[in-house]
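Colleague: Please take me through this model at the level of single residues and packed elements. I will ask, and you answer.

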Amino acid sequence: MKDLASWLAQAKTVAIAGHVRPDGDCVGSCLATYNYITAWFPQIQADVYLEPIPNIFKFLKNSDKICNSCEKDFAYDLCIVQDCGEEGRLGDAVKYFKTAKKTVCIDHHVSNGNFADENYIFPGASSTSELVFELLEEEKITKEIAECIYVGMVHDTGVFQYSSTSAKTMNTAGILMEKGINFSQIIDDTFYTKTFAQNQILGQALLNSRLMLDGAVVGTAVDLKEMERFQVLPKHLDGIVNQLRVTKGVEAAIFLYENDDHTWKVSLRSNGKVNVANIAMKYKGGGHVRAAGVTMDGTPEEIYGKICREIEGQLHD
């Protein structure tokens, strides 16, 4: 059985990194690892590199220690990358991965190609945070580490409703709850609570939504003008694609938002019959069978057309 302690045994310096535009699982898993190292391996110099995280996760211990800049040139003994399926998703932090003496990847994306020296990859897991839990000694999981892991699990399971939620997931959640975390407040504050602007952009996105493939697919898009109008950033758009997914009768949901370079970030969700990971990977994206993402060029109409053709092909197989 692999464990985090064995990977740390020979390391004096460790870098931790996750994917660009970090979500709850990325933030939670990376901070859980960082807090474990700083609590139990004080002799190790550890640094965590992530792009700016959403404010809702800043209550987590040592979130203020996250390095948003990768300007420092340093070759670490060990680089641990988490919740990331490929090097290209590490952003600027890839430099620390490339120069480290040893690399480890902890991830649950089906598109992961085992790109590190040591890989702990389980696509069936609910979250990377659940995998981090498996790699730690239970007696060394402090309340603060438990909060980080719980946040990650909550966000990647949609509060334990997605199909990746297993009996092991629920047992793990129970152990974390026994560490004294305020589990109900974590769910309310980080998953359900939205700002007024977030509710407005959600409402606008739903008003703009449309059904395709005879009602099998629902999609919507938010462009830069709308984001400016409602004064929101990409991180404020979380939850829109999941609201689309629960539309009665649909098999898949497509949500697009425009990037500054006028490409489109595409989020895909499936209700079971469609493997959206396969679609995303075809266009150099990745993810899970029921939740995946990719960045694409073109107009929303062109992107809808390409994705709907892939979905139609799967539905008719």
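Modeller: This is a predicted model. A starting point is I186, which is buried, with a relative accessible area of 5%.

Colleague: In which helix does I186 lie?
Modeller: The relative accessible area of I186 is 5%, under the 20% limit, so I186 counts as buried. Leaving out residues up to four places away in sequence, I186 touches F59, E147, Y150, V151, I181 and F191. The helix that holds I186 is α7.

Colleague: How far apart in space are I186 and I56, C-alpha to C-alpha?
Modeller: In sequence, 130 residues separate I186 and I56. In space, their C-alpha to C-alpha distance is 9.4 Å.

Colleague: Which residues of α7 meet α5?
Modeller: Helix α5 covers residues 143-157 and helix α7 covers residues 183-192. From α5, the contact uses E147, Y150, V151, V154 and H155. On the α7 side, the residues are F183, I186, I187, T190 and F191.

Colleague: How are α5 and α7 oriented to each other?
Modeller: Two packed helices are described by the angle between their axes and the distance between the axes. For α5 and α7 the angle is about 55°, and the axes are 10 Å apart. α5 passes α7 in a right-handed crossing. An angle of about 55° lies outside the ranges for roughly parallel, roughly perpendicular and roughly antiparallel, so the two helices are oblique.

Colleague: Are α2 and α5 roughly parallel or roughly antiparallel?
Modeller: The axes of α2 (residues 24-40) and α5 come within 7 Å and cross at roughly 165°. The crossing is left-handed. The contact is made by residues including G28, L31 and W40 of α2 and C148, I149 and G152 of α5. Since angles over 145 degrees count as such, α2 and α5 are therefore roughly antiparallel.

Colleague: Is S129 buried or exposed?
Modeller: S129 has its place in helix α4 (residues 128-135). Not counting residues up to four places away in sequence, S129 touches D25, G28, S29, C148, I149, G152 and M153. With a relative accessible area of 0%, S129 is buried.

Colleague: What is the relative accessible area of S63?
Modeller: S63 is found in the loop between β2 (45-49) and β3. Leaving aside its neighbours within four places in sequence, S63 is in contact with L31, I53, F57 and K58. S63 is buried, and its relative accessible area is 12%.

Colleague: How many of the six residues of β4 are buried?
Modeller: Strand β4 spans residues 102-107. The strand is mostly covered, and the number of buried residues is five.

Colleague: Which residue in β4 stands opposite V81?
Modeller: Strand β3 (residues 78-82) pairs with β4 in the parallel sense, over five bridges. Within this pair, the residue opposite V81 is C105. The chain crosses from β3 to β4 through helix α3 (residues 94-99), in a right-handed β-α-β crossover. The residue asked for is C105.

Colleague: Which residue in β5 stands opposite D107?
Modeller: β4 is joined to strand β5 (residues 118-121) by four bridges, and the two run parallel. Opposite D107 in β5 stands I121.

Colleague: What is the phi of N114?
Modeller: Most residues other than glycine have a negative phi, and most peptide bonds are trans. N114 lies in the loop between β4 and β5. N114 is partly exposed, with a relative accessible area of 46%. Its phi is positive, near 55°.

Colleague: Where is H262 placed?
Modeller: H262, too, is a residue other than glycine with a positive phi, near 75°. Its place is in the loop between β8 (252-258) and β9 (264-270).

Colleague: Which are the edge strands of the open sheet of six strands?
Modeller: The order of this sheet is β6-β7-β8-β9-β11-β10, with mixed pairing. Each edge strand pairs on one side only, and these strands are β6 (210-212) and β10 (286-287).

Colleague: Which residue in β11 stands opposite G286?
Modeller: Two bridges join β10 to β11 (residues 291-296), and these strands run antiparallel. The residue opposite G286 is G293.

Colleague: Which helix packs on this sheet?
Modeller: The helix touches β6, β7 (217-222), β8, β9 and β11. Its direction makes about 155° with that of β8. It covers residues 300-315 and is α12.

Methods. Residues numbered from 1 in each chain as written. Predicted model: local features only at pLDDT ≥ 70, side-chain atom pairs only at ≥ 80, totals over all residues. Heavy atoms only, no water. Buried < 20%, exposed > 50% of the residue type's maximum accessible area, 1.4 Å probe, protein only. Pairing = 2+ DSSP bridges. Right-handed = clockwise from strand over helix to strand, strands pointing away. Axes fitted to C-alpha atoms, helices over the stretch in contact; angles between N-to-C directions. Parallel < 35°, antiparallel > 145°, perpendicular 65-115°, else oblique. Left-handed = near helix turned anticlockwise from the far one by under 90°. Contact = heavy atoms within 4.5 Å.
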